[in-house]
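Student: Could we go through the aromatic contacts in this model?
Tutor: Certainly; please have the sequence and coordinates open.

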Amino acid sequence: METGIVKLTPELLAMFAGAGNSNTLMPFTREIFLLDIVVAGTSFCDSIEEVAPQLSSDTVLKMVRDPENQHDEHAIGIYFENTRIGWVPRELNLVISRLMDAGKAFFCRIQKIEDIRSWIKISAKIFMVE
């Protein structure tokens, strides 16, 4: 049965530490599942081989808007700690980017990681924080 209570993890607690920053989560919130994605661009992350062993199912990833991105004005980076490991796929980022620009908070939670011939495939769920 879904209770709406978010399990506190070290990653979520780290996000709470910067309360007031647009990239942090506030306590006593609930998460609303929005989308299943495969993180785009992991092969362009220079340190993905070092970061990948630290990732597992249920790892929480930060989502950070990048409106100055020269390839996509709706770009949203996906970060593990301070390392951008990829992006929300372009075909799925328009509505979320607009909501982020309006002050809504989002995060990803890893569902599955696969190493496919030197490509790290990261399947994740995107949640909005209310």
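Tutor: The exchange below concerns ring pairs and their surroundings. This is a predicted model, in which local features need pLDDT of at least 70, side-chain atom pairs count only at pLDDT 80 or more, and totals for chains, interfaces and linings use all residues. Residues are numbered from 1 along each chain as its sequence is written, and side-chain values use heavy atoms, with hydrogens and water left out.

Student: How many aromatic pairs are there?
Tutor: There are two. Rings of Phe, Tyr and Trp (its six-membered ring) pair if their centres lie within 6.5 Å; planes under 30 degrees apart count as stacked, over 60 as edge-to-face and the rest as tilted.

Student: Why is the pair of Phe33 and Phe127 edge-to-face?
Tutor: Because the planes of Phe33 and Phe127 stand at 65 degrees, with the ring centres 5.8 Å apart.

Student: Which strands does that pair link?
Tutor: Phe33 is in strand β1 (residues 31-38) and Phe127 in strand β6 (residues 119-129), 94 residues apart. Strands are DSSP runs (E, at least two residues), numbered from the N terminus.

Student: And Phe107 with Phe127: what are the distance and angle?
Tutor: That pair is stacked, at 5.3 Å centre to centre with 15 degrees between the planes. Phe107 belongs to strand β5 (residues 105-116), 20 residues from Phe127.

Student: Changing topic, is Phe127 buried or exposed?
Tutor: Phe127 is buried, with a relative accessible area of 8%, whereas Phe33 is partly exposed at 39%. Buried means under 20% relative accessible area, exposed over 50%, and partly exposed in between (1.4 Å probe, protein chains only).

Methods: Helices (H or I, at least four residues) and strands (E, at least two) are DSSP runs, numbered from the N terminus.
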